[in-house]
Amino acid sequence: MTATAQHSPASSHRSPSPTGGSRSRFRSPGHVRALLFLVLGVLFAAALVIAVRALYGFPIAADGKVTTATQDGILLVSLIAAPLFWLVGLGAFDYWFYWAAGRKTRPEDHSSHGAHSWRDYLRVNTDHKVIGIQYVCTSFIFMLIGGMLAMVIRAELAAPGRQFVDASAYNGLFSVHASLMIFLFIIPIFAGLANYVLPLMIGAPDMAFPRLNALSFWMLPIAGTMMVASFLAPGGSFATGWTAYAPLSTDAPIGQMFFTIGVQFAGASSIATALNFLVTIITMRAPGMSFWRMPLLVWANFSTSLLVVIATPFIAASQFLVLLDYALGFNFFVPEKGGDILMYQHVFWFYSHPAVYIMMLPGFGIVSEVLSVKSRKPIFGYRMMAFSLLAIVLLGFTVWAHHMFVSGMQGWIRVPMMITTAIIAVPTGIKIFSWLATLWRGVIHLDTPMLFALGFLCMFSLGGISGVMLAMVPVDIHVSDTYFIVAHIHYVLFGGSLFTIFAGVYYWFPKMTGRMFDDRLGKLHFWLTFVAFNATFAPMHLIGVEGMPRRVSDYPEQFAGWNLFISLASFVLGLSTLVFLYNMITSWRGGPRAPANPWRSLTMEWQVSSPPPIFNFDKVPTVVGGPYEYGVPDAQHGIFTAPASEESKSSHPSREARA
Amino acid sequence: MNGERQSARDAPVHVARLVTIGIIASALGIVLALLINWFPVSAAKQAKPIDTLWDVLLIVSVPVFVLVTTVVLYSVYRWRMRPGEELLDGPPIHGNTRLEIVWTALPAILLVALCSYAYAVLHDIEEAKADTMEVRVVGEQFAWTFFYRDGGKELASHDLYLPLNRPVHFTIQSKDVLHDFWVPAFRVKKDAVRGIDTDVRATPNRIGTYPVVCAELCGLGHAAMRSDVHVVQPQQFTAWLGKLRSGAQAAAPTGGGGGGGAKASVDAKTLFTTSAQPVACGSCHTLADAGTNGTTGPDLDQVLKGKSAAFIKQSIEQPNAVIAKGYTPGIMPQNYAQSLSPAQLSALVKYLQEVTK
């Protein structure tokens with residue numbers, strides 16, 4: 001927990017409260033003020049709704065009780081306003097407010113940089129390393145919640161008929177499960193890992209916009225809390241799947257809005273982070289770090305950020321349309337009033353297909369790092385690896401309607417979408433084959449990160465193959481909305497994304513915590529996960545093609561056998577996570593100290609201490625070669641010659657990039 | 001081992017071994033994949049080309065998967081770090097342009113070929129045929145209704161009857177949210193979208209009863225939104241249609257006595273349980289007397305206990321007037337006042353009042 005403690009400067013840098021004294025606790029940024037502002041936000045929402053209703057002559061109270069419409073209105077406006085108030089209270093906007101008001105901004109003392117105790121991880125912090133760890137831990141918490149929801153889902157599906165939950169609760173369970181896993185786990189954890197590693201890899205002292213970075217992070221717990229809290233909403237949680245198709249979603253109980261608005265916060269966080277990555281990668285590379293010397297993880301996050309910046313506004317739009325339809329009767333999706341139901345799906349998938357690549361490309365980057373280092377060989381076909389990422393970005397925007405082959409859209413669109421969907425397998429294939437060629441004749445270190453990377457190669461290939469099958473329209477017509485889809489998405493997101501996440505977390509664990517993990521427990525974790533994962537999701541292909549639709553709380557007797565098997569396997573899969581957690585927690589607390597470069601890697605994050613110094617590089621690095629020159633005699637990637645002057649150390653981090 | 005590691009001349013040996021392993025594993029994999037009985041029974045002409053396309057995809061897919069896993073396993077087996085090699089690096093191979101062109105071009109060609117084949121299949125299964133029968137499919141929360149053209153009128157049924165070997169063109173509509181008309185045995189599926197007509201074609205070619213499934217999440221009763229399709233001999237179909245016609249006349253409020261008298265008296269219990277009727281109460285509601293155990297709606301043994309006939313009638317006609325604790329308004333269809341005849345409605349109310357006393 002004392003990640004950067006040994007490298008921290010004098011403790012005088014700890015954030016001093018400007019005025020001192022306990023009276024100012026309500027005025028200085030922090031969780032106390034945030035709570036106060038949260039209450040203010042709810043009061044503001046209530047006042048606004050009551051005022052507007054009074055103005056329009058709508059009833060506010062009847063029979064001495066506040067009407068349901070008023071309650072829902074206050075809740076809905078609170079969902080939007082209270083988080084913003086909370087962020088202000090937390091201090092996420094303080095610097096900008098001072099600056100915008102023309103007041104004296106606080107001198108740049110870097111007091112909010114670095115972590116000196118575990119408490120600093122609970123505060124607004126502008127250090128990319130702290131934010132990276134905040135991201136990773138928060139994401140894993142939501143992954144655990146989402147995973148437990150999955151366990152309840154499988155318990156319910158263990159036998160036909162009703163076991164533990166009714167249809168309403170069941171629909172809520174899979175909806176919240178998917179939303180948490182997508183928006184609060186896979187997407188942000190990749191952002192978190194990259195947040196930690198990427199500035200180090202390109203030789204930068206921090207991200208380009210550290211305050212924006214902090215704001216991005218603090219929007220995540222808002223989105224997650226909202227989605228989890230939806231179970232407490234009157235009428236239950238949102239229960240329309242993570243796709244929230246209209247008009248089911250525009251007609252649902254108020255719980256639906258917890259998704260609609262939660263996604264806005266997750267999306268805003270995502271967009272801000274992506275902008276941050278883009279600017280950081282473009283402007284803050286160390287001298288000599290040309291684009292063709294960047295590690296593939298940097299390339300992967302560059303590509304992902306392009307996708308996020310272009311695509312994410314579309315899901316924001318789709319949810320705003322639902323919000324306006326739901327709350328204010330805009331009739332976007334009411335055909336009798338000129339609305340168009342299919343439009344929702346087009347707008348939604350224009351984000352949500354690229355989102356699949358947002359959830360996969362960073363993982364490609366991680367696997368490239370791990371495979372090259374652990375095979376002790378250069379990445380095979382480095383430039384093609386980078387180009388194929390960009391090709392996926394481009395093609396990723398041309399395939400969205402393959403989610404709509406049976407939606408009733410114009411028939412002709414299906415054929416071009418089938419072709420582009422199949423063709424996107426080509427750049428993906430290039431990557432798979434290049435990784436295989438990287439393994440070829442290497443010196444393969446078969447430790448935990450490598451096992452997960454190799455597991456990813458096999459499982460993701462399977463997911464990719466079922467993806468190509470799904471691209472074929474006649475096959476897709478039969479298996480759309482069945483368990484075959486559930487199997488495919490889990491092979492891509494679990495066998496694909498999650499395996500790379502595990503590979504990345506194990507790989508950078510020594511760098512992030514300064515401790516080594518237990519490799520034997522790691523291997524146990526891998527094998528448990530690998531076997532249970534396949535036992536859980538492989539049979540879903542079978543029952544899907546056989547005719548079991550997805551998103552059902554009950555199913556015919558003919559599927560009972562496989563479903564029981566799947567449920568039992570899924571419980572083992574759930575338990576395997578405990579091994580991972582135990583390993584991470586005990587290793588972080590008391591694992592052996594990690595050397596600076598335990599994997600003998602060439603990339604720059606491993607050339608500094610574990611964990612790195614507070615401003616990453618005590619000497620300014622110069623890049624003189626490629627990042628993967630293993631086996632090349634005397635090859636070097638970054639060299640550290642000129643010591644950084646005191647002056648540049650104390651200047652604003654984002655300005656010293658080119659120093 | 002170390003000697004072998006250093007030598008690049010062994011490459012052909014490794015490749016030859018890999019190819020051998022790959023061919024054997026692929027052959028086994030393909031046989032296994034084709035032996036699996038993937039699909040439900042096929043009951044329409046559309047099924048065969050789709051099933052064949054599926055088999056072709058399996059035959060192409062297995063070698064791709066085998067290629068990846070074989071190279072991974074072989075590399076790990078062959079080139080795993082042995083004791084004493086901790087500081088050893090692999091050979092600095094940066095790429096091979098010819099190889100990279102091959103593995104870009106070959107998959108591209110293969111995929112375009114598969115797409116062309118899939119397009120041909122798509123064209124085949126969606127082709128309009130002569131002598132096509134029209135059926136209008138209407139989805140609503142949580143039931144299917146099928147409308148047959150009969151002279152200038154339409155006949156409604158909750159079960160789908162189709163004559164053998166006659167092409168059918170389904171026009172699919174929705175009254176509320178999205179639904180999806182899926183007959184797994186026909187391999188056809190299309191969303192029901194309010195505001196537009198979607199359509200799908202099938203030619204049943206096997207006698208039997210098969211499930212009709214709603215495949216698009218449509219709310220609480222989604223899992224229970226199932227019906228049956230009966231593929232029957234043409235003469236049986238004509239007879240059934242005749243029965244439906246006379247039933248509709250008997251049930252019609254102003255039918256004036258009706259002709260066939262197939263439903264002289266209304267059996268409320270059958271009405272409650274059978275999905276072939278205008279209502280399918282039992283698929284959502286539990287009622288001990290009728291032996292149903294649906295959980296989408298409230299348990300009628302409890303919520304109707306001791307209630308008046310007026311209350312029960314109101315609950316059927318205007319389901320949102322009183323909502324049982326723990327349930328959400330808007331789930332139960334609100335059109336029973338129209339779809340049930342007065343005779344059926346009063347019989348149902350009387351029956352419910354009696355059994356829940």
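Leu215(A) lies in helix H6 of chain A, which spans residues 210-229, and the description of this predicted model begins from that position. Leu215(A) is classed as buried because 22 C-beta atoms are found inside 10 Å of its own, where 20 or more are required for that class. Once the neighbours within four places in sequence are left aside, Leu215(A) is in contact with Ala92(A) and Ala272(A). A further relation across the chain is that between Leu215(A) and Phe93(A), which are 122 residues apart along the chain while their C-alpha atoms are separated by 8.0 Å.

A second position in chain A, Thr273(A), belongs to helix H7, which covers residues 255-283. Thr273(A) likewise counts as buried, because it has 33 C-beta neighbours inside 10 Å and the class begins at 20. Residues up to four places away in sequence not being counted, Thr273(A) touches Ala191(A) and Ser216(A). By contrast with these contacts, Tyr491(A) stands 27 Å from Thr273(A), C-alpha to C-alpha, with the two positions 218 residues apart in sequence.

The nonpolar interior may be considered next. The largest nonpolar core of the model holds 301 residues, of which Ile202(A), Ala223(A), Ala453(A), Met472(A) and Ala503(A) touch the most other members. Helix H5 of chain A, running over residues 167-201, supplies the largest share of this core, namely 23 residues. For one of the residues named, Ala223(A), the contacts beyond four places in sequence are with Phe183(A), Leu184(A), Gly262(A), Phe265(A) and Ala266(A).

In chain B, 10 helices and 12 strands make up the secondary structure. The chain has 357 residues, and buried residues account for 35% of them. When contacts in chain B between residues at least 6 apart in sequence are considered, 65% of these contacts join residues that are at least 24 apart.

Two of the sheets in chain B can be described strand by strand. In one of them, 5 strands form an open sheet with mixed pairing, in the order S3-S2-S1-S5-S8. Its edges are formed by strand S3 (153-157) and strand S8 (198-202) of chain B, each of which pairs on one side only, and the twist from one strand to the next averages 30°. Within this sheet, strand S2 of chain B, residues 143-150, runs antiparallel to S3(B) and is joined to it by 5 bridges; Phe147(B) stands opposite Ala156(B), a residue of S3(B).

The other sheet is again open and of mixed pairing, its 5 strands following the order S4-S10-S9-S6-S7 in chain B. Here the edge strands, pairing on one side only, are strand S4 (160-163) and S7 of chain B, and neighbouring strands are turned against each other by 25° on average, direction being ignored. Strand S6 (residues 179-183) and strand S9 (residues 208-214) of chain B run antiparallel and are joined by 2 bridges, and Phe181(B) is placed opposite Cys214(B) in S9(B).

The two chains meet through an interface in which 70 residues of chain B are in contact with 76 residues of chain A. On the side of chain B that touches chain A, the elements giving two or more residues are helix H3 (47-79), helix H4 (97-125) and strand S7 (188-192) of chain B. Of these, H3(B) gives the most, with 14 residues. By residue class, this side of chain B is divided into 43 nonpolar, 16 polar and 11 charged residues.

The confidence of the prediction remains to be stated. For the model as scored, ipTM is 0.89 and pTM is 0.88. The average pLDDT of chain A is 91, and 93% of the residues in that chain score at least 70; in chain B the mean pLDDT is 86, with 88% of the residues reaching 70 or more. Some stretches score lower: in chain A the pLDDT stays under 50 over residues 1-20, for which the model has 36 contacts beyond four places in sequence. Residues 644-659 of chain A also have a pLDDT below 50, and beyond near neighbours in sequence this stretch has 23 contacts in the model. In chain B, the pLDDT is below 50 over residues 252-264, a stretch with 18 contacts in the model beyond near neighbours in sequence. Where pLDDT is low, the predicted coordinates should not be read in detail.

Key: Residues numbered from 1 in each chain as written. Chains lettered and ligands numbered in written order. Predicted model: local features only at pLDDT ≥ 70, side-chain atom pairs only at ≥ 80, totals over all residues. Core = buried A, V, L, I, M, F, W, Y, C linked by C-beta atoms within 7 Å. Buried ≥ 20, exposed ≤ 12 C-beta atoms within 10 Å, placed from the backbone. Helix = DSSP H or I, 4+ residues; strand = E, 2+ residues; numbered from the N terminus. Contact = placed C-beta atoms within 7 Å. Nonpolar A, V, L, I, M, F, W, Y, C, P; charged D, E, K, R; others polar. pLDDT = per-residue confidence, 0-100. Pairing = 2+ DSSP bridges. Axes fitted to C-alpha atoms, helices over the stretch in contact; angles between N-to-C directions.
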